Amino acid sequence: MNFRKHIISLLCISVIVLGLHSCKSKRQMIAAAPVEEKVDVDLFTDILDNQFNFKTFSSKLNLNLSSGTKSLSSKASLRIVKDKAIQLSIQPLFGVEMLRVYADRDSLVLLDRMNKRYVKESIEDVKRVYPVGFDFKTLQSLLTNQVFVSGQTDVIYSDYKKFSTGLVSDMHYLLRSVDKESGIEYSFTIDGNDRIALTCLTEPKDNYSMNWKYDDFVMEARKAFPRKMDVALASTKRRVNVGLEFSGITLDEDFDLQVSVPGSYTRAAISDIVKILTNN
């Protein structure tokens with residue numbers, strides 16, 4: 001399977017199954033601030049030191065997805081055990097689950113409750129199809145406003161050397177890098193409070209892109225977290241937009257995440273479920 005012809009499907013499923021839109025928090029938003037002039041190592045250190053920290057994360061969610069003339073809205077719930085597992089339950093009506101998504105370091109599982117189908121793939125198989133590095137760490141980082149380095153499970157202070165850094169305005173720095181295996185470019189726009197304001201992935205040859213914007217930062221456990229996210233996916237044939245908001249965030253509760261596939265379900269491909277959710 002050709003990666004460059006299918007990266008948008010992976011990005012779609014990542015956003016679809018983990019996209020959100022819910023009631024606004026009454027907490028006061030943190031105001032934007034102009035950037036301070038910093039050397040590269042100091043900027044990267046401040047970004048890592050100011051990232052959102054948690055052991056477990058749970059939140060009430062809704063999903064708002066639009067692609068062409070098709071749109072989808074749904075309530076949902078998201079749970080994360082840091083560096084171990086992510087689970088999203090999409091519940092469009094009366095709390096009845098339509099789709100469950102589970103991801104850990106080794107596998108990706110989707111349960112299509114309406115059609116009694118499932119997708120189960122190893123992360124290694126997914127990465128062979130999508131060499132940009134679809135992995136648990138990247139998915140977790142996108143959902144929690146964190147920096148990632150393609151192909152790595154952890155980010156350390158010395159990783160600043162893997163990015164080119166520049167001042168793009170009096171409000172933002174830009175960190176850019178390239179995935180060596182796929183040639184996909186990825187970047188982080190950093191605001192004056194050392195937070196990620198925008199994450200971008202671009203496949204320039206075939207004109208695929210993802211822009212994941214963060215906004216409406218509020219304090220959670222003494223660290224800033226964006227309660228609003230706007231995601232735009234684009235290819236030459238399709239555009240997908242997702243509006244995201246979080247509410248009712250709870251941190252560091254004691255829980256575990258596991259998934260089991262009912263014996264009556266039939267196996268499907270990721271592309272089959274993407275077609276149902278995004279086909280015009």
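## Close-up views of a predicted protein model

**View A. Strand 10 and strand 11 pair in the antiparallel sense, over six bridges.** Strand 11 covers residues 208–220. Before you explore further, keep in mind that this is a predicted model. To find your way along the pair, look for Thr199, whose bridge partner in strand 11 is Trp212. The two strands form a hairpin with four residues between them. Here Asn207 takes a positive phi near 65°.

**View B. On its other pairing, strand 10 meets strand 9.** Strand 9 (residues 185–190) and strand 10 also run in the antiparallel sense, over six bridges. Glu185 stands opposite Thr202 of strand 10, a handy pair to spot. This is a hairpin too, with five residues between the strands. In its turn, Asp194 has a positive phi of about 65°.

**View C. Is strand 10 largely enclosed or largely open?** Count along residues 196–203: six of these eight residues are buried, so strand 10 is largely enclosed by the rest of the structure. As a helpful rule, side chains in a regular strand alternate between the two faces of the sheet.

**View D. Phe188 and Trp212 belong to the largest nonpolar core.** This core has 58 residues, and the members that touch the most others are Phe57, Leu78, Phe188 and Trp212. Which residues does Phe188 contact, leaving aside its neighbours within four places in sequence? They include Ile196, Leu198 and Thr199, as well as Phe148, Phe163 and Tyr173. Gln146, Val147, Leu174 and Leu175 complete the set. Apart from the largest core lies another, of nine residues, among them Val81, Ala85, Phe255 and Tyr265. In soluble globular proteins, nonpolar side chains tend to be buried together.

**View E. Some nonpolar residues form a patch on the surface.** Leu93, Phe94 and Val96 make up this patch, and together they have about 400 Å² of accessible area. Find Val96 in the loop between strand 3 (85–91) and strand 4 (99–104). Is Val96 buried or exposed? Its relative accessibility is 53%, so Val96 counts as exposed, since the cut-off for exposed is over 50%.

**View F. Asp83 and Asp252 invite a side-by-side look at two loops.** Asp83 lies in the loop between strand 2 (70–81) and strand 3. Although Asp83 is not a glycine, its phi is positive, at about 65°. Asp252 sits in the loop between strand 13 (239–251) and strand 14 (266–267). Asp252 is not a glycine either, yet it has a positive phi of about 65°. Asp83 is partly exposed, with a relative accessible area of 23%, and Asp252 is partly exposed at 45%.

**View G. Gly151 sits in a loop, between helix 4 (136–143) and strand 7 (164–167).** With a relative accessibility of 61%, Gly151 counts as exposed. Now look for Glu181, which is 30 residues away from Gly151 along the chain. The C-alpha atoms of these two residues are separated by 9.3 Å.

**View H. Stepping back, the protein has five helices and 14 strands.** How many of the 280 residues are buried, as a percentage? Buried residues make up 52%. Among contacts with a separation of 6 or more, 58% come from residues 24 or more positions apart. The accessible surface comes to about 13,600 Å², and 48% of that belongs to carbon and sulfur atoms.

Conventions: Residues numbered from 1 in each chain as written. Predicted model: local features only at pLDDT ≥ 70, side-chain atom pairs only at ≥ 80, totals over all residues. Heavy atoms only, no water. Buried < 20%, exposed > 50% of the residue type's maximum accessible area, 1.4 Å probe, protein only. Pairing = 2+ DSSP bridges. Core = buried A, V, L, I, M, F, W, Y, C linked by side-chain atoms within 4.5 Å. Contact = heavy atoms within 4.5 Å. Patch = residues over 30% accessible without salt bridge, like charges linked within 9 Å, V, L, I, M, F, W, Y side chains within 5 Å. Areas by Shrake-Rupley, 256 points an atom, 1.4 Å probe, with all protein chains shown as cover. Salt bridge = Lys/Arg side-chain N within 4 Å of Asp/Glu carboxyl O.
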